[in-house]
Amino acid sequence: EMDPQERAFQERIDAGEKIEPKEWMPDGYRKNLIRQIGQHAHSEIVGQLPEGNWITRAPTLERKAILLAKVQDEAGHGLYLYCAAETLGVSRDELFEMLHEGKMKYSSIFNYPTLTWADMGAVGWLVDGAAIMNQVPLQRTSYGPYARAMIRICKEESFHQRQGFDIMMKMANGTAAQKRMAQDALDRFWYPALMMFGPSDKDSVHSAQSMAWKIKMNTNDELRQKFVDQTVPQAEYLGLTVPDNDLKKNEETGHYDFTQPDWAEFFDVLKGNGPCNADRMAARKEAWDGGAWVREAMAAHAAKKKAAKLA
Ligand code: FAQ
């Protein structure tokens, strides 16, 4: 039997009401939200690294300015999301600590390397494309601060996706060597992008409860299918080939049948064994340690100001 307070809470969720920070919520709701929002925030921050890798080597000044703006947006997204998580009673320092100790995750996709300029196209097109597919429904998530953060984030992600597709267009319609680079980027990012939606529904431990609480609006497989259906025609438009021999439009369902990613690889990346896990964590820890003097100076300054006011 559900206790009356929990039942009343569930009724508010079912009625489409937003839950706000100071209101009562079940412990599990709070914990699950901190997990998901925190993980999402970490993904944005770690997600700056694969693209940050190409800022100094962007082919033109214009491409450099655009890429800089995009990577900066991702820092902003991380900050909105950390703020949303903080309204649930966890501090940003605690979240960072959990990330650095390997107690919290970030998206598997950012453990793959960005080897060529075409990867900047593939990341924008596929990774931001997958991110939007997942985040648009989250604008209707039940927790107010999270839903509101998603509105702004989605606007910016749409720009990111377009800039990625624009790079792909340029490369796919360029020289033979450029087209090969574009195809190679699609070949390497296709399955990792499909993995962004999480394990198949039968292996998703959080989906049932998260959907009942509207922390999540769709299952992992639903969104993965939507992404494939949207992206395959875009690949065709680019004149590129999705690396899946069994990919085929199913005339009965109207959806594409496709090959699932290698789930053993996915779980291995989650365990820390992806090509870049160690590098990404080392870069984050170095940034955190390198910023210690700034945090100390700010705390000292605040203490001095407070003392001066008291005097
Ligand atoms: N990577 O029970 P479920 C971006 C974990 S977009 C790593 O199905 P859930 C923008 C999961 O945490 C990327 N771990 O989990 C950008 C759980 O483990 P736990 C970020 C994954 O939460 C673009 C376990 O597997 N977006 O950053 C992944 O119901 C370009 C079982 O899974 C979001 O976070 C994965 N792919 O569903 C930035 C969106 N999938 O925690 C820079 C919000 C699953 O119990 C450049 N999050 N796991 O230890 C969500 O919608 C959900 O959390 C899912 C996973 C759909 C990601």
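Which helix supplies the largest share of the lining of the largest pocket? My notes below start there; keep in mind that this is a predicted model.

1. The answer is α6, which puts nine residues into that lining. This helix covers residues 118-138. Other contributors, each with at least two lining residues, include α2, α4 (61-86) and α7 (144-172), and further along the chain α10 (220-238) and α11 (263-273).

2. As for the space itself, the largest pocket holds about 990 Å³. Its lining runs to 43 residues. If you want to place a box, the residues nearest the centre are Gln 39, Ser 107, Asn 134, Met 196 and Gly 198. Split by class, the lining has 19 nonpolar residues, 14 polar ones and 10 charged ones.

3. On to the second largest pocket, with a volume of about 240 Å³. It is lined by 14 residues, and Met 104, Lys 105, Tyr 106, Leu 270 and Asn 277 sit closest to its centre. The class split here is six nonpolar, five polar and three charged.

4. Which helix gives the most to the lining of this second largest pocket? That would be α11, with four residues. Helix α12 (277-290) also supplies at least two. Note that α11 turns up in both linings, since it gives at least two residues to the largest pocket as well as its four here.

5. Now a single residue worth a look: His 40, which belongs to helix α2 (residues 27-46). Is His 40 buried or exposed? Its relative accessible area is 12%, so it counts as buried, the cut-off being under 20%.

6. What does the side chain of His 40 make a polar contact with? The partner is the side chain of Tyr 146, at 3.1 Å. Setting aside residues within four places in sequence, His 40 touches Leu 81, Gln 135, Tyr 146 and Met 150. Tyr 146 therefore appears on both counts, as a polar partner and as one of the contacts further off in sequence.

7. Last, Pro 59, for a contrast with His 40. It lies in the loop that links α3 (48-52) to α4. Pro 59 has a relative accessibility of 52%, so it is classed as exposed, because the threshold for that label is over 50%. Along the chain, Pro 59 and Trp 117 are 58 residues apart, yet their C-alpha atoms are separated by 8.0 Å.

Technical notes
Residues numbered from 1 in each chain as written. Predicted model: local features only at pLDDT ≥ 70, side-chain atom pairs only at ≥ 80, totals over all residues. Heavy atoms only, no water. Buried < 20%, exposed > 50% of the residue type's maximum accessible area, 1.4 Å probe, protein only. Polar contact = N/O pair within 3.5 Å; in protein donor to acceptor, adjacent residues only side chain to side chain. Contact = heavy atoms within 4.5 Å. 1 Å grid on protein atoms, 1.4 Å probe; cavity = no way out; pocket = protein on both sides within 12 Å on 5 of 7 lines; lining within 4 Å. Points joined across faces, edges and corners; volume = space filled by probe spheres on them. Nonpolar A, V, L, I, M, F, W, Y, C, P; charged D, E, K, R; others polar.
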